[in-house]
Amino acid sequence: MVVSTTRKAQTMSTQHGMAATHRVLILGAGYAGMSTAIQLAARVKRRKDVQVTLVNAQERFTERLRLHMTATGQQLAEMSIPELLEGTGAEFVRGWVTAVDANAKIVRIDDNQVLHYDTLVYGLGGMADTEAVPGVEDHAYTLNSAQDAELLADRLARLGRGTVVVGGSGLTGIESAAEIAEQHPELNVVLLGRQEPGAAMNPKAKAYLQAALERLDIRVRSGIEVVKVLPDSVELAGGETIAADVVLWTSGTRVSPLAAVAGLTVDERGRIVTDAALRSVSHPEVYAVGDAAAIRQGYGVMHGTCQGGMPTGVHAAVSIVRALNGKQPKPFRFGYYHTPVSLGRHDAVVQFTHPDDSPRRVYLTGRTAARYKETVTASPWPTYGRMKKMPASGAFWPHGGRFTRIRGVR
Ligand SMILES: Cc1cc2nc3c(=O)[nH]c(=O)nc-3n(C[C@H](O)[C@H](O)[C@H](O)COP(=O)(O)OP(=O)(O)OC[C@H]3O[C@@H](n4cnc5c(N)ncnc54)[C@H](O)[C@@H]3O)c2cc1C
């Protein structure tokens, strides 16, 4: 446990019944929460009246974009969150958030610690939906955390020969199937999903992606519905079963129930519904960022990505500083620009997109695309380092023009 002077200060202020300073508590040090923490800490560094505290389950930063690499036994760089925060004045608390009391403005960590806040930033991310299909929870592996990915890596390393079924033909499913097939050529890999892989890409990019899966000897079955996962197989609608030594589940998304239980207004997936400035519509002292937030743009509600998650984190920090200075926060606007998909370590497809995420004609393939994908994947950590010294360097992203504009919101 990292000793937190913030908690001491919080305890003192609670004992004396008044808050000495404005306490900003950030939950989750993923791509979005880290962006908020670094951006905010850099902007309030010289202020004595603001405390920034970041809570996360682990001290090590989870590179979620690389979890399919972790799942195939590849070693990733060590990235320490407390080390990154050094010199910023922000405090780090390692622990598991077990409850949020939005009326009392407190958060429980590991059930036995209490942290108070004046402003809360909720960035606990999302995960594959393991509840919708029976048997997934009991028999399937996931990439929901680094530990989950390591469990899968261990199983694959011990498997020898066998069949791995990847449930879900979205981007995580495609990247995982390709990585497993490349790192474990002795295994049969089957990719199952409702949609054909690359369905949202332009026809040429999609054809390239599907040819790459074929080259990797991945058996693709699309247009199907998995209805049950059993210890040694998956059952499809219609009764067919596919034998599986290992099932990896990547389909669907859900979020922690903490926000809903706290009484915050959430959408049908449990994500916190925000106003244009990323504040909870029911509790404006709570900001929601990243995959845990339901953020409306002109094209619809944003879907979970790192490319959009980091800007939400930065925007929340900037808005908090504006509010502390008695100014109105500005509306958040974000337009997508690419969909990079790795196909093993040496191949990829990068589909460039319109701000509403629909495909443009332009795309990259092969080693150029693989290098592009690697550059994007490696960029968050150095971005945080730069933001520490120069917060404005993290405040640039495409705003999406007419695609993101919402009538009546300025
Ligand atoms: C294999 C894979 C590949 C991907 N590739 C891409 C890509 O190429 N481009 C892209 O834009 N997106 C990609 N994504 C999606 C991207 O990773 C997510 O959109 C992004 O991680 C969301 O960031 P976040 O900060 O909201 O959540 P996360 O990064 O998930 O961070 C949430 C943090 O909160 C912590 N946490 C959660 N619950 C608790 C709790 N109760 N108590 C304490 N801590 C908690 C977690 O440990 C984690 O550190 C990929 C995802 C996967 C799985």
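**Cavities, a pocket, strands and loops**

About 80 Å³ of space lies in the largest cavity. The model is a predicted one.

Reader: How many cavities of 30 Å³ or more does a search of the whole structure find?
Author: The search covers the whole structure and counts cavities of 30 Å³ or more. The largest holds about 80 Å³, and the second largest holds about 30 Å³. The count is 2.

Reader: Which helix gives the largest share of the lining of the largest cavity?
Author: The lining includes Arg271, Gly290, Asp291 and Ala293. Gly308, Gly309 and Thr312 are also among the lining residues. The largest share is 3 residues, and it comes from helix H10 (residues 306-324).

Reader: By class, how many polar residues has the lining of the largest cavity?
Author: Gly counts as polar, so Gly290, Gly304, Gly308 and Gly309 fall in that class. The nonpolar residues number 3 and the charged ones 2. The polar residues number 7.

Reader: Which helices each supply at least two residues of the lining of the second largest cavity?
Author: Tyr31, Phe61, Glu63 and Met79 are among the residues that line this cavity. Thr377, Ala378, Pro380 and Trp381 line it too. At least two residues each come from helix H11 (366-378) and helix H12 (380-389).

Reader: How many nonpolar residues has the lining of the second largest cavity?
Author: Tyr and Trp count as nonpolar, so Tyr31 and Trp381 belong to that class. The lining has 1 polar and 1 charged residue. Its nonpolar residues number 6.

Reader: What space lies in the second largest pocket, and which helix gives the most to its lining?
Author: The space is about 350 Å³. Helix H3 (67-70) and helix H6 (146-159) are the elements that give two or more residues to the lining. The most, 4 residues, comes from H6.

Reader: Which residues lie nearest the centre of the second largest pocket?
Author: The pocket is lined by 16 residues. By class they are 6 nonpolar, 7 polar and 3 charged. Nearest the centre lie Arg60, Thr70, Leu76, Ala146 and Glu150.

Reader: Is Thr21 buried or exposed?
Author: Thr21 sits in the loop between helix H1 (5-15) and strand E1 (22-27). Its relative accessibility is 16%. Buried means under 20%, so Thr21 is buried.

Reader: With which side chain does the side chain of Thr21 make a polar contact?
Author: Set aside neighbours within four places in sequence, and Thr21 is in contact with Lys48, Asp49, Val50, Gln51 and Asp118. One of these also takes part in the polar contact, at 3.4 Å. That partner is Gln51.

Reader: Which residue in E7 does Val24 stand opposite?
Author: E1 and E7 pair in the parallel sense over 4 bridges. Strand E7 covers residues 119-122. Opposite Val24 stands Thr119.

Reader: Which residue in E18 stands opposite Leu120?
Author: E7 is joined to strand E18 (residues 286-288) by 3 bridges, and the two run parallel. Leu120 and Tyr122 point one way from E7, Thr119 and Val121 the other way, and all are buried. The residue opposite Leu120 is Val286.

Reader: Where is Lys105, and what is its phi?
Author: Lys105 lies in the loop between strand E4 (97-101) and strand E5 (106-109). Its relative accessible area is 30%, which makes it partly exposed. Lys105 is not a glycine, yet its phi is positive, about 55°.

Reader: Is Asp111 buried or exposed?
Author: Asp111 belongs to the loop between E5 and strand E6 (113-116). Its phi is positive, near 65°, in a residue other than glycine. Its relative accessible area is 57%, and exposed means over 50%, so Asp111 is exposed.

Reader: What distance separates the C-alpha atoms of Arg279 and Val52?
Author: Arg279 lies in the loop between strand E17 (272-273) and E18. At 22% relative accessible area, Arg279 is partly exposed. Along the chain, Arg279 and Val52 are 227 residues apart. Their C-alpha atoms are separated by 18 Å.

Reader: Leaving aside neighbours within four places in sequence, which residues is Arg279 in contact with?
Author: Val286 is one of them, and Val286 also stands opposite Leu120. The full set is Val273, Thr274, Pro284, Val286, Tyr287 and Pro329.

Conventions: Residues numbered from 1 in each chain as written. Predicted model: local features only at pLDDT ≥ 70, side-chain atom pairs only at ≥ 80, totals over all residues. Heavy atoms only, no water. Buried < 20%, exposed > 50% of the residue type's maximum accessible area, 1.4 Å probe, protein only. Polar contact = N/O pair within 3.5 Å; in protein donor to acceptor, adjacent residues only side chain to side chain. Contact = heavy atoms within 4.5 Å. Pairing = 2+ DSSP bridges. 1 Å grid on protein atoms, 1.4 Å probe; cavity = no way out; pocket = protein on both sides within 12 Å on 5 of 7 lines; lining within 4 Å. Points joined across faces, edges and corners; volume = space filled by probe spheres on them.
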